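Here is a short tour for a newcomer. Keep the sequence and the 3D view at hand while reading.

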Amino acid sequence: MRTRRWNFAEETIDEAAQLIRQGEVIAFPTETVYGLGADATNEQAVRKIFQAKGRPADNPLIIHVHDNKQIARYVTDIPRVAQQMMDAFMPGPLTVILKSNGTVAPTVTAGMDTVAIRVPDHAVARQFIEATQLPLAAPSANLSGKPSPTTAEHVDQDLNTRIAGIIDGGATGVGVESTVVDCTSDVPIILRPGGITKDMLQDVVGQVTYDDAIQTDDQPKAPGMKYQHYQPDAPLRLIDGDQAFFQQQIDALEKQGKTVGVIASEPLASQLRTNYLYRCGQRNDLSTVAAKLYYALRYFNQMEMDIILSETYPFEGIGQAIMNRLTKAATDKLEANRHT
Ligand code: TXA
Ligand code: MG
């Protein structure tokens, strides 16, 4: 299949929306990462998403609608806490899990009785969804297991010839996927940390918990969280220690003749001596790290490194989402022995 590529414009949105109505899949930008959209009410169209990505069939998709008012069409009810979160953070990088009323195709929810819904805070995404007059089922627009795409170029690298088109809206802003919150229990549960942090949610609804599986090996409640994810081609090693410790690891590997890609934020990045460095934002503002994280992993894929080393970050605010993705992408982690 020839994959069309559009720059954002009124006519191209209409053309892409028309293809969606004909049952095709189209990649589009959101404020988090690029999504791969299809008509959520069309079983055949939704199956094409799974085929294009190589996604396991038991991993349900998020449906995307253009404004908050549309959500009621797809669920049996909206509990009070869900409504409060929606009022506070939607449109935005938040996905709510609610009881499905069965309107979307069964493949979207992978046979579960709940449905995940979000309203992207991105002008192109919302205009595109509105033009289709449909709810769009959309996972991240990468091959299953690879880092999510934050530019149209990344989508093209993974999915060219597999999908009908890509709407290019430039680089995304947040850089990591939306926060997924199960709102079907009394206390809302974060199934996947993301752009909206636990503290932000708690300020609005009081108590919120994390699914235990986020930091343990328990069976996660979001089916997608159990799969190997966000993997670069070279092994990724997390380095948990100070600058001297990090430098030792680089030097030792380079001495062995390895090409070493280093992902670090400022100020550490400027303190390290290394051949291949990706400056990944500022440590004192973790949102700048999140914005560049997947870009960094894909950058070193293209450079064909032997190994990638990355700094670790505090589990605070969006640091939770960063560390969740880094831990899933990593093959191992080296910790400095702080007692010596
Ligand atoms: O930011 C985002 O959320 C991006 C953009 C494109 O919107 N989308 C995205 O979709 O990250 P995806 O498919 O890569 O991740 C969806 C996650 C998966 O972990 C999936 O298992 C979970 O949401 N999920 C979807 N429906 C669910 C449900 N009914 N119950 C529990 N988890 C669900
Ligand atoms: Mg994904």
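## Where the two domains meet

In this predicted model, 25 residues of domain 1 are in contact with 15 residues of domain 2. Pro147, Val176 and Pro193 are the residues of domain 1 that lose the most area to domain 2. Together they make up 30% of what the domain 1 side buries. Between them, the two domains bury about 1600 Å². Carbon and sulfur atoms carry 55% of that area.

Where do the domains begin and end? The domain assignment of the chain places domain 1 at 4–215 and domain 2 at 236–335. Their C-alpha centres are 28 Å apart.

## Polar links across the interface

How many salt bridges are there between domain 1 and domain 2? The count is two. Arg325 forms a salt bridge with Glu177. Their closest N and O atoms lie 2.9 Å apart.

Seven residue pairs are in polar contact across the interface of domain 1 and domain 2, with both residues of each pair at pLDDT 80 or more. Which element gives the largest share of the domain 1 side that touches domain 2? Helix α5, residues 152–159, does so with three residues. Sorted by class, that side of domain 1 has 13 polar, eight nonpolar and four charged residues.

## The annotated span

UniProt lists residues 10–196 as "domain: YrdC-like". The entry is unreviewed. In the model, this span is 27% helix and 19% strand. The C-alpha atoms at its two ends lie 30 Å apart.

## A salt bridge within a helix

A search of the whole structure finds 15 salt bridges. Among them is the pair Arg47 and Glu43. Their side chains meet at 3.4 Å, N to O.

Why are these two residues separated by about one helical turn? Arg47 and Glu43 both belong to helix α2, residues 43–53, and are separated by about one turn because they are four residues apart in that helix.

## Backbone details in the loops

Now to the peptide bonds. The bond from Met90 to Pro91 is cis, with omega near -5°. Pro91 sits in the loop between α3 (80–89) and β5 (94–99).

Glu266 and Pro267 are also joined by a cis peptide bond. Here omega is about 10°. Pro267 is in the loop between β13 (260–266) and α8 (268–271).

What is the sign of phi at Ala110? The angle is positive, about 50°, although Ala110 is not a glycine. Ala110 lies in the loop between β5 and β6 (114–118).

Terms used: Residues are numbered from 1 along each chain as its sequence is written. Chains are lettered from A and ligands numbered from 1 in the order in which they are written. This is a predicted model: local features need pLDDT of at least 70, side-chain atom pairs count only at pLDDT 80 or more; totals for chains, interfaces and linings use all residues. Side-chain values use heavy atoms; hydrogens and water are left out. Domain bounds come from an automatic or database domain assignment. Contact means heavy atoms within 4.5 Å. Buried area is the accessible area (1.4 Å probe) that two parts lose on being put together, summed over both. A salt bridge is a side-chain nitrogen of Lys or Arg within 4 Å of a carboxyl oxygen of Asp or Glu. A polar contact is a pair of N or O atoms within 3.5 Å; within protein, one must be able to donate a hydrogen and the other to accept it, and residues adjacent in sequence count only if both atoms are side-chain atoms. Ala, Val, Leu, Ile, Met, Phe, Trp, Tyr, Cys and Pro count as nonpolar, Asp, Glu, Lys and Arg as charged, and the others, Gly among them, as polar. UniProt positions are given in the numbering used here, feature names are shortened, and annotations may be inferred rather than shown by experiment.
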